[in-house]
Amino acid sequence: MRPAASSFESYNARVNPVRLPVFLRRPVRIGLLGLHLVWGVTLAGLVFPLLGPAQRDRRIMAWSRRLLRVLGVQARTSAAPGLPGGALLVCNHVSWLDIYLIYAARRVHFVSKAEVRQWPVAGWLAHKTGTLFIERGRRADTARINAEMRALLASGAWVAVFPEGTTGDGRSLKRFMPSLLQPAVELNCPIVPAACVTARWTTTTAPRPRTSTTSACGKV
Amino acid sequence: MLDIRTTVQATPAGRYHVSLAVDDNEIREAQRLRYKVFAEELGARLSSVLPGHDIDMYDPFCDHLLVRELARGEVVGTYRILPPEAARRVGSYYSEQEFDLTRLGFLRPRMAELGRSCVHPAHRGGSVIARLWRGLADYMTRYGYETIVGCASIGMADGGHIAASVHRQLAERHLAPIEWHVTPRTRLPVESLDDGRNAALPPLIKGYTRLGAMICGEPAWDPDFNTADLLMLLPMAQLNRSEARRLIV
């Protein structure tokens, strides 16, 4: 059931419905994560070819929400702005988890460094979910990626970039690389800033610290 | 080049927010609203496996548009969209239970079907339906579908006279060209039901025709919902843009 939320949506409000003994939690989570990855590969490899694009987008979001649940991450997300047509989401980068936090809230196409494509499983999944891979340091490749981003934005899709180009600690921002923002400028389409903020706290009911991540969307 | 679009509403404006259902819980929310409207309010006979839910075999294949009231997070409006890829997997469009769609064969690869439209009784001011149409317009452009079809239902509590009158009025001004005509499987005998009076057009059908939708022939009788169903068709290329801008938020 969805909690009554004004501007925040909360996924997986009940992260630990069953209290497991401490020594079992880690193996159970790792086991579930493995199963979830297998399910993800099955979806992307065998189910996606049968589905229409909207259903694929839906599966990607639902899979990401479940991933957060498996990992015990409680995500609180402000409602994504209801913009007509395409938009460029610009976000800080804290960890690989950001990608699934954003997917849980909104279907976007990420722009990622080309090395990620070579990562086992994750790289293939990223490819299957429509990630654009950019070879950093090659100027000509920026032009190619910009053209692909323009095509997506013009078709009404959202594209997401991490313009810091690398992960930060979540407390401060590094310098933004401007080249990936160009397609939004050319198409005059909205830029949606988002922030991934990780919060840790302990309460009397939760013996172990839980991770909560907030991504906030606002207006430029 | 750099003129900032300040007119774009970035925060969800007003009371409502439209989105596509993502997980099964959200689809359940839509099914509960549908049950509330179709079974409890309109008295449709629904054979559902889960009490309080309107569920049918098309649901798992469909995309469900939801309008939520922001204050309480409750789903207050929904549309069900069956995209062409899903229709291929199921084997048919929902309307094919009532109409023979053979003539629409060449439209099928890019034809999405709309159905199960409903709005919570406490939210029928028109802005929820505008939100749904906004979501639908974005969906159609995003995924590149070219035609919308769907059954528009007219209640038959009066025995069908209103339905026959609505059909006659629509046939005069909004009849699709002959190549898009379809044949109802259980035809409503309109000529014997029409008493010549002009009944008011249901608001939803009026809205559709304003946007450029046409009817594809005579109505079919749906005994489960006790409605007369007209197949309506809207090619996105013929969408009345100025009207759409006015009606859709």
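So, helix α3 of chain B, residues 127–143: it has 17 residues and covers 24 Å from first C-alpha to last, close to the 24 Å expected at 1.5 Å a residue. The expected span here is 1.5 Å times one less than the number of residues. Helices are DSSP runs of H or I with at least four residues, strands are runs of E with at least two, and both are numbered from the N terminus.

Before I go on, this is a predicted model: local features need pLDDT of at least 70, side-chain atom pairs count only at pLDDT 80 or more, and totals for chains, interfaces and linings use all residues. Residues are numbered from 1 along each chain as its sequence is written, while chains are lettered from A and ligands numbered from 1 in the order in which they are written.

Back to α3(B). Buried or exposed, what are its residues mostly? 12 of the 17 are buried, so the helix is largely enclosed by the rest of the structure. Buried means that 20 or more other C-beta atoms lie within 10 Å of the residue's own; exposed means 12 or fewer, partly exposed is in between, and the C-beta atoms are placed from the backbone. Among the buried ones are B:Trp133, B:Arg134, B:Asp138 and B:Tyr143. Right after the helix comes B:Gly144, with a positive phi near 70°.

Now, where does α3(B) sit in the fold? Together with β5(B) and β6(B), α3(B) makes a right-handed β-α-β unit. Right-handed means that, with the strands pointing away from the viewer, the path from the first strand over the helix to the second runs clockwise. β5(B) and β6(B), the latter being residues 147–155, pair in the parallel sense over 4 bridges, and two strands count as paired if DSSP finds at least two bridges between them. One spot to look at is B:Leu114, opposite B:Gly150 in β6(B).

β5(B) itself is largely enclosed, because 9 of its 9 residues are buried. It also pairs with β3(B), this time antiparallel, through 5 bridges. There, B:Thr78 partners B:Cys118, and B:Leu82 partners B:Glu113.

β3(B) is mostly covered too, with 8 of 8 residues buried. β2(B) and β3(B) run antiparallel, joined by 6 bridges, and B:Leu65 has B:Tyr79 as its bridge partner. The hairpin of these two strands has 5 residues in between, and B:Gly73 takes a positive phi near 75° in it.

What covers the buried residues of helix α1 of chain B? The list includes β2, β3 and β5 of chain B. Buried residues of α1(B) include B:Ile27, B:Leu33, B:Tyr35 and B:Phe38. Its 18 residues, 24–41, should span 26 Å at 1.5 Å a residue, and the end C-alpha atoms are 24 Å apart, which agrees. Just after α1(B), B:Gly43 has a positive phi of about 75°.

How far do we trust this? pLDDT is the predictor's confidence in each residue, from 0 to 100. Chain B averages 88, with 94% of its residues at 70 or more. Among the chain B elements, β3 has the highest mean, 96, and helix α7, residues 241–247, the lowest, 80. Over residues 1–12 of chain B, pLDDT stays under 50. Where pLDDT is low, the predicted coordinates should not be read in detail. For the complex, the predictor gives an ipTM of 0.82 and a pTM of 0.84.

And quickly, chain A: 6 helices and 8 strands, with 34% of its 220 residues buried.

Terms used: Two residues are in contact if their C-beta atoms, placed from the backbone, lie within 7 Å.
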